[in-house]
Amino acid sequence: MGIYLNPGNAEFQSIRNDIYIDKSELIDFINSTIDTPRRLTCVSRPRRFGKSFAARMLCAYYDRSCDSRKLFDDLTISGCASYPRYLNQFHVIYLDLTWFISITEDIRMVVSDLQNRVIRELKKAFPGSIEDEEASLPSALLSVAQETKSRFFIIIDEWDALFREAKHNPDLTEKYLLLLRGLFKGGNTAKMISGAYMTGILPIKKYGTESALTDFQEYTMTAPDMLAPYVGFTECEVRMICDKNQMDFSEMKRWYDGYSFPGYPSVYSPNSVTSAIYRKNFRNYWTKTETYESLKNYISMNMDGLADAVIAMLGGRSIPIDILSFQNDLVSFRNRDDVLTLLIHLGYLAYDEREKTVYIPNLEVSDSFRLAVQDAGWQEIGTALRESDDLLNATIRGECDTVADSLERIHESASSILQYNNEASLSCAVTLAYYTAKRDYMIIREFPTGKGFADLAFIPRRHTDKPPMIIELKYNQSADSAIRQIKENRYDGQMKEYMNDLLLVGINYDKNSKSKKHTCVIEKA
């Protein structure tokens, strides 16, 4: 048992000792690729989505230096036909690129240092199979395979870390590409490798004139395909965790749900869920990571249309997006959609494959966007978000003029972004103005009612004593007509349990008048 060659199952054992969700059926899928043209698998997903957990699970399963049966016999994989066939049957090489970068004094030496360390372990495990002067890992593996008839399963965690950390060092990244080509491209790959599993953050990019990874089957945040159930926690899994740990599922859903894939409409960030369980507290855990700094940097770019898109998403809308132009790197941005696509792969946005739209998935990520917008220097929007509490309290107190004045001020301060063209854009702006109400309300746009739909329904969450509200918006009409429509359509019928406290709020923006004023009427049902 070594550090890089056959590292054993201790890492997965520690994972099993903690909060654990059974994702072992992934093994059955990887087993189906062994010794086939599909033997090379690359999975890209954001940090905090369990990439390393899956890699360590596969290491424990395939590593022939240990007996992992007790770790897997009670998991779903044990019921699959392929389970006994490959259990602890391969020599595993496990490489964590972030680890190598952290322990190498000079990053320019990472590629040679990595190869030297692994070759030293290969020489100890297979004496006489490798020439003393051998410095190429692919050549060393091929020599071992020919001498001993052994083949390897290679796991590379954070394979793209070097491209992220040394993106301005083309000589180094070219050396790394040569290593990858030696391992995974050409006729010798099948002679020495039975399978490979790589994890990264970004999809595979074509580096230079020829990609080293064209033979990899790729699964990403925009196209997870059959690996979708292993990207994060599903709703059933999160409900089970909450029941077991006496945590409020509805709050867990509000904070961390929102990612979706075909067949899996509710997917949660594993790290956020487990952090909430550990700490017995629902909060934003994203701003404690380096990816939050990245979010601020990309928001600050403010490419054409980016500000409009972010504000619309903060207001609860989904935005059409073209993900095909993205170059799969951190520097080649040509338009707004490229930045938004990157944020999908970083986990800050969710992608609806059917609708081809992008949106902010949940309260935790929305809160990160709020902080990033403020830190990025979007002062006008930052002011609107900070005044949100005052606006909500004024609405609850029935202070119509204060509400109208507040909306007027928010609109004026951010008129370059919050331009009202119709009731839909007015709805987005009003949702943004009431941004912090998300803490106490479930805000539903186009809320179904007795005879139609309410523009906005504010339904109180269980922990709050704030009253429910129905907000009807009008454009170039009157706030009174908005209230009248609420009453005529019996919007209150869907909120009978709240009838003693229900507030009816009518808001109008009159663009045609000289004053172009907001007006507001608030009544108790």
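Ala, Val, Leu, Ile, Met, Phe, Trp, Tyr, Cys and Pro count as nonpolar, Asp, Glu, Lys and Arg as charged, and the others, Gly among them, as polar. By that split, the lining of the largest pocket has 10 nonpolar, nine polar and 10 charged residues. Keep in mind that this is a predicted model: local features need pLDDT of at least 70, side-chain atom pairs count only at pLDDT 80 or more, and totals for chains, interfaces and linings use all residues. Numbering starts from 1 along each chain as its sequence is written, and side-chain values use heavy atoms, with hydrogens and water left out.

**Largest pocket**
- A pocket here is an open set of points on a 1 Å grid over the protein atoms alone, where a 1.4 Å probe fits, with protein on both sides within 12 Å along at least five of seven lines; lining residues have an atom within 4 Å of a point.
- Its volume (the space filled by probe spheres set on the points, joined across faces, edges and corners) comes to about 990 Å³.
- Arg 254, Pro 361, Met 442, Ile 443 and Arg 461 sit closest to the centre, out of 29 lining residues.
- Helix 13 (249–256), helix 18 (363–375), strand 12 (441–448) and strand 13 (453–460) each chip in at least two lining residues; helices (H or I, at least four residues) and strands (E, at least two) are DSSP runs, numbered from the N terminus.

**Second largest pocket**
- This one holds about 640 Å³ of space.
- Among its 30 lining residues, Phe 49, Gly 50, Lys 51, Phe 53 and Pro 270 are the closest to the centre.
- Helix 3 gives the most to this lining, with six residues.
- The lining splits into 15 nonpolar, seven polar and eight charged residues.
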